Each structure stands twice: as structure tokens, then as C-alpha cells.
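Reader: I would like a close reading of one part of a model, set against the chain around it. Please take care to state the cut-offs behind each term.

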Amino acid sequence: MDDRIERARLLYEQAVFGGDAGAVDAADRVLDEVEADLALARGRVVHARFLQSGREDPRALAMFERAAELYRGLGNGRGEAEALFWVGTFHQVVRGDDAAAVPVLERSRSEAVRAGDDLTASYALRHLGIAEHRAGRLDAARERLEESTRIRRELGFLPGVAANLVGLAHITAGEGRRDEALALLDEARSVAEAAGAHGIVRHVEEARGRL
């Protein structure tokens with residue numbers, strides 16, 4: 001059992017049997033934390049299923065938006081930043097709607113920076129770079145992805161580094177520098193293999209085939 005569920009039960013008893021008027025509000029806060037965490041976790045699982053099947057499940061968006069709302073009410077900037085990232089990712093990845101995704105991803109990045117959550121900031125930057133790439137703004141796309149990659153290297157998040165290198169290879173190829181793009185893919189493969197990120201290795205090979 002999540003300790004917070006037990007905490008909410010004890011707060012209920014304090015309110016009902018102990019006459020503690022503040023215990024009800026405290027219990028609500030505890031349960032809001034649980035609900036936010038569960039909504040975010042469940043939404044991620046639903047998104048993973050979309051990546052496997054390609055079938056949209058709108059419940060994911062509702063879950064991410066609910067998590068963001070709850071974290072905001074709790075004053076949990078880190079949680080809100082992560083939930084906002086997933087809201088933006090749903091719009092971008094599931095629905096292909098960068099116009100809806102970008103403002104949310106920008107908010108996610110700002111909240112993540114404010115909360116000191118470098119990992120979420122790196123994710124937001126990556127997806128903002130993807131939006132710039134789709135819009136044909138290669139310089140801006142490179143800037144976003146390079147900043148995301150720098151953060152990920154500092155964090156030691158190697159699968160994320162490899163994924164970004166694949167994105168940078170696509171940008172570089174779009175600039176007509178095929179040899180440099182292939183070198184980036186070589187590095188991406190090496191990093192991915194070292195991290196055991198076999199899914200990223202497949203992306204590397206798919207990108208190499210397109211070049």
C-alpha cells in the first residue's frame with residue numbers, strides 16, 4: 001500500500017473521531033498527490049501502447065492534463081513541468097499537431113528550469129527541436145537539440161543522448177552534409193549500444209537506410 005493512502009486514512013480518523021477540522025484539507029492534499037502521480041504514470045503507459053499499436057487513446061491526454069492541474073494546485077513545479085511535457089508530446093506525437101504542442105512544451109521547459117528539473121527540460125527541448133525541424137527551421141532545430149544533448153550528457157542519460165544524435169543526423173543531412181550525418185549516426189549507435197538502448201539502435205539503422 002502507498003504510504004500516502006494510509007496517511008489519508010489516518011487523517012480521516014483525525015477528522016471524524018478527533019475533531020481535527022484541518023485534517024480533511026490535509027487528506028485532500030495527500031490524495032491529490034497520489035492521483036497526480038497515478039494519472040501521469042497511467043498516461044505514460046497508455047502512450048507506450050500507442051507507440052506499439054499506432055492507435056490513439058484520448059484517455060492519455062485527459063490523464064496528463066489532470067496530472068498537470070493537480071500538480072499546479074499542489075505547487076509542485078517539477079510535477080507540473082513533466083505533466084505539461086506529456087501533454088505537449090501527445091499533441092505532437094499522437095496527433096501530429098505542433099501548433100498545439102509547442103506552447104505547452106515551452107511552458108514545460110520554463111517550469112522545469114524553474115524547478116531545477118534538467119531531465120524534463122532536456123525532453124522539452126528535444127521535442128521543441130523536432131517542431132522546428134518539421135517547420136524547416138534547421139538552425140533553430142539544431143540549437144534546441146544540441147542544448148538538449150548537452151544537458152543529457154551532463155546527466156549521464158546515454159539513451160537520450162543517442163536519440164538526440166539521430167535527430168541531429170537528420171538535421172545535418174537536411175543541410176546537405178551527408179558524411180557528417182553518417183558520423184553522427186556512428187556515434188549514436190556506439191552510445192546506444194553502450195547503454196543497452198536497442199530501440200535506439202534500430203532508429204539509427206533506419207536513419208542510415210534513409211541517408
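What percentage of the 211 residues of the protein chain count as buried? And, as the part to look at closely, where is R142 placed, and which residues does R142 touch beyond those up to four places away in sequence?

Author: Of the 211 residues in the protein chain, 42% count as buried, where buried means under 20% relative accessible area, exposed means over 50%, and partly exposed lies in between, with a 1.4 Å probe and protein chains only. The model is a predicted one, in which local features need pLDDT of at least 70 and side-chain atom pairs count only at pLDDT 80 or more, while totals for chains, interfaces and linings use all residues. Residues are numbered from 1 along each chain as its sequence is written, and side-chain values use heavy atoms, with hydrogens and water left out.

The setting comes before the detail. The protein chain has 10 helices and zero strands, and along the sequence its pattern reads α-α-α-α-α-α-α-α-α-α; helices (H or I, at least four residues) and strands (E, at least two) are DSSP runs, numbered from the N terminus. Taken along the principal axes, the C-alpha atoms fill a box of roughly 75 × 35 × 35 Å. Among contacts with a separation of 6 or more, 53% come from residues 24 or more positions apart, a contact being heavy atoms within 4.5 Å. The chain exposes about 11100 Å², of which carbon and sulfur atoms supply 51%; accessible areas come from the Shrake-Rupley method with a 1.4 Å probe, and for residues only the protein chains shown count as cover.

Two buried positions show how distant parts of the sequence come together. Y71, in helix 3, is buried with a relative accessible area of 4%, and, leaving out residues up to four places away in sequence, Y71 touches A36, D37, L40, N76, G79, E80 and A83. Y71 and E33 are 38 residues apart in sequence, yet their C-alpha atoms lie 7.3 Å apart. A124 has its place in helix 6 (residues 118–134) and counts as buried at 0% relative accessibility; beyond its neighbours within four places in sequence, A124 is in contact with F85, L105, S108 and R109.

The charged side chains lead to the part you asked about. There are 30 positive and 37 negative side chains, and the centres of the two sets lie 4 Å apart; Lys and Arg count as positive and Asp and Glu as negative, with His and the chain ends not counted, and the place of a charge is taken as NZ of Lys, CZ of Arg, CG of Asp or CD of Glu. The structure holds 25 salt bridges, each being a side-chain nitrogen of Lys or Arg within 4 Å of a carboxyl oxygen of Asp or Glu.

One of these joins E35 to R66, at 2.9 Å from N to O. Because E35 lies in helix 2 and R66 in helix 3 (residues 59–74), this pair ties together parts that are 31 residues apart in sequence. E35 is partly exposed at 33% relative accessibility, and R66 is partly exposed at 30%.

Other bridges stay within a single helix. E147 pairs with R150, their closest N and O atoms 2.6 Å apart, and both residues lie in helix 7 (residues 138–155), three residues apart, about one turn of the helix. R150 counts as partly exposed at 38% relative accessibility. R189 likewise forms a salt bridge with E193, the closest N and O atoms being 2.9 Å apart, and this pair is separated by about one helical turn because R189 and E193 are four residues apart in helix 9 (residues 178–195). R142, E146, E175, R177 and E180 are joined into one network by salt bridges that share partners.

Within that network, R142 has its place in helix 7. R142 is a buried residue, since its relative accessible area is 16%. Not counting residues up to four places away in sequence, R142 touches L168, I171, T172, E175 and R177. Two of the residues just named, E175 and R177, also belong to the salt-bridge network.
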